Structures are given as structure tokens and as C-alpha cells.
Amino acid sequence: MSKQLWKPGNMLYPLPVVMVSCRCGEKDNIITVAWAGTICTNPAMVSISIKKERFSYDMIKESGEFVINLVTDRLVRAADWCGVRSGKDYDKFREMNLTKEKAETVDAPMIAESPVNIECVVEEIKELGSHDMFISRVTAVRAEEGYMDSKGKFMLNNTGLVTYSHGEYFMLGKKLGKFGYSVKRQ
Ligand SMILES: Cc1cc2nc3c(=O)[nH]c(=O)nc-3n(C[C@H](O)[C@H](O)[C@H](O)COP(=O)(O)O)c2cc1C
């Protein structure tokens, strides 16, 4: 096997791709983010990294809050569009026909069409270079009741979740195992 040696770059894939909704004053907006991650279980914390020139950057910096909306196959076109058009020029909720829902703990709209909405409050903004990292605490999570099974278990992996890998979108594929399966007896 022979491998090419490349200069440092982003090659950590697949990633979640999420729609981050925010509000500042009268303006609501959505920015698509792939540089997002879980960074702590307890307290529940996440990060999103955003370029300073994005319209959403100042909105989130000023309001100090946002909602992460998970993307499904039904939302992927809207997610892509919100990632190539700016809130400076468009009302993205209206253009993409998305429904605003009131969040519980933050003053930012949730996207009703997303099965999971994660409400977040910014704790720290870390300047890294091209992107600044918004280190944030999760203050509430909403999960679509229609995806609960008869025992009340949330069937997240049945929602058509989308991942982003090397410039392309994919829907979750074949299940290969579950947490800890490698050490469990058959
Ligand atoms: C799949 C995808 C992932 C993206 N990930 C990020 C990201 O992690 N951080 C970022 O600053 N911009 C990211 N963008 C670009 C912004 O979503 C894009 O510049 C958007 O138009 C900004 O909207 P705004 O100006 O309304 O804030 C991504 C775009 C796409 C399509």
C-alpha cells in the first residue's frame, strides 16, 4: 500500500452537518455548520466553529445563544442552501419554507421540521484562526415524539440523519453493530 503525504488540512470525516438557528433583535437566521462537535458529556457541552465574516457570527456573539437542528434527508437541500446563501440577503426560514418553533431556554427559533433541536448558550469564544470556536452549554433538547417506539425509546437512527463527508452529504447507512458489541457474547 502506498500513501501520499499531504500538508496539514481538514480530513476528519464523516462529520455531522447541522443547521444552527439564531436570533438577534428582530432578525432570525440559519447557518449550516459542519465544524460542530460534542465536547463534554456532563455538563452537556458542544462547540460550533464559525468564520467571523458570516452574518450569523455577530448574531450569535451578541445574543450568546443558538439552536442546533439535526439534518435529515428531508432537510438536506435546505441545509445546503442555508450554507451557500447569507442571511444578509435572504430570510432563510421563508425561502426554505421552514417553520419556527419557540425554544424553551433560549431566545432563538427552533426548526420544527428537524427531529432534534439542541438549545445552547455560549460560554466562551475561542479565536483559532479562520474560525472561532463557540464553546457552548446545552440547556435543553427537544426530540420528535413521532420517533419514539412503543417503549418510549427514541429511534434517532430512523429519522434519516445526514452526515457530511469530504464535500458530500450522505444518509446513515447499514448498521454494523452497537456500543460495546465487540466484547459481548452473541
Ligand atoms: C455543508 C456546509 C458546512 C459548512 N460548515 C461551516 C462551518 O462549520 N463554519 C462556518 O463558518 N461556515 C460553514 N459553512 C458556510 C456557511 O454556512 C455559509 O457561509 C452561510 O452562507 C453563512 O450564512 P450567514 O451569512 O447567513 O451566516 C458551511 C456550509 C456548508 C454548505
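This section describes three residues of a predicted model, namely Glu101, Pro115 and Val121, and their surroundings.

Glu101 is found in strand 7, which spans residues 100–102. With a relative accessible area of 36%, Glu101 is partly exposed, because this class covers values between the cut-offs of 20% for buried and 50% for exposed residues. On the surface, Glu101 belongs to a patch of negative charge. The other members of this patch are Glu113, Glu144 and Glu145.

Pro115 lies in the loop that connects strand 8 (109–111) with strand 9 (116–127). The relative accessible area of Pro115 is 6%; Pro115 is therefore classed as buried, since the limit for that class is under 20%. Leaving aside residues up to four places away in sequence, Pro115 is in contact with Leu70, Thr72, Arg142, Ala143, Glu144, Tyr147, Phe154 and Thr159. One of these contacts, Glu144, is also a member of the negative patch that includes Glu101. Pro115 and Ile125 are separated by 10 residues in sequence, and their C-alpha atoms lie 28 Å apart in space.

Strand 9 also contains Val121. When residues up to four places away in sequence are not counted, Val121 touches Gly64, Glu65, Val106, Ile135, Ser136, Arg137 and Thr139. Between Val121 and Ala34, which are 87 residues apart along the chain, the C-alpha separation is 19 Å.

Definitions and conventions: Residues are numbered from 1 along each chain as its sequence is written. This is a predicted model: local features need pLDDT of at least 70, side-chain atom pairs count only at pLDDT 80 or more; totals for chains, interfaces and linings use all residues. Side-chain values use heavy atoms; hydrogens and water are left out. Patches are made of residues with over 30% relative accessible area and no salt bridge: like charges are joined within 9 Å, nonpolar side chains (Val, Leu, Ile, Met, Phe, Trp, Tyr) within 5 Å. Accessible areas come from the Shrake-Rupley method with a 1.4 Å probe; for residues, only the protein chains shown count as cover. A salt bridge is a side-chain nitrogen of Lys or Arg within 4 Å of a carboxyl oxygen of Asp or Glu. Lys and Arg count as positive and Asp and Glu as negative; His and the chain ends are not counted. The place of a charge is taken as NZ of Lys, CZ of Arg, CG of Asp or CD of Glu. Helices (H or I, at least four residues) and strands (E, at least two) are DSSP runs, numbered from the N terminus. Buried means under 20% relative accessible area, exposed over 50%, partly exposed in between (1.4 Å probe, protein chains only). Contact means heavy atoms within 4.5 Å.
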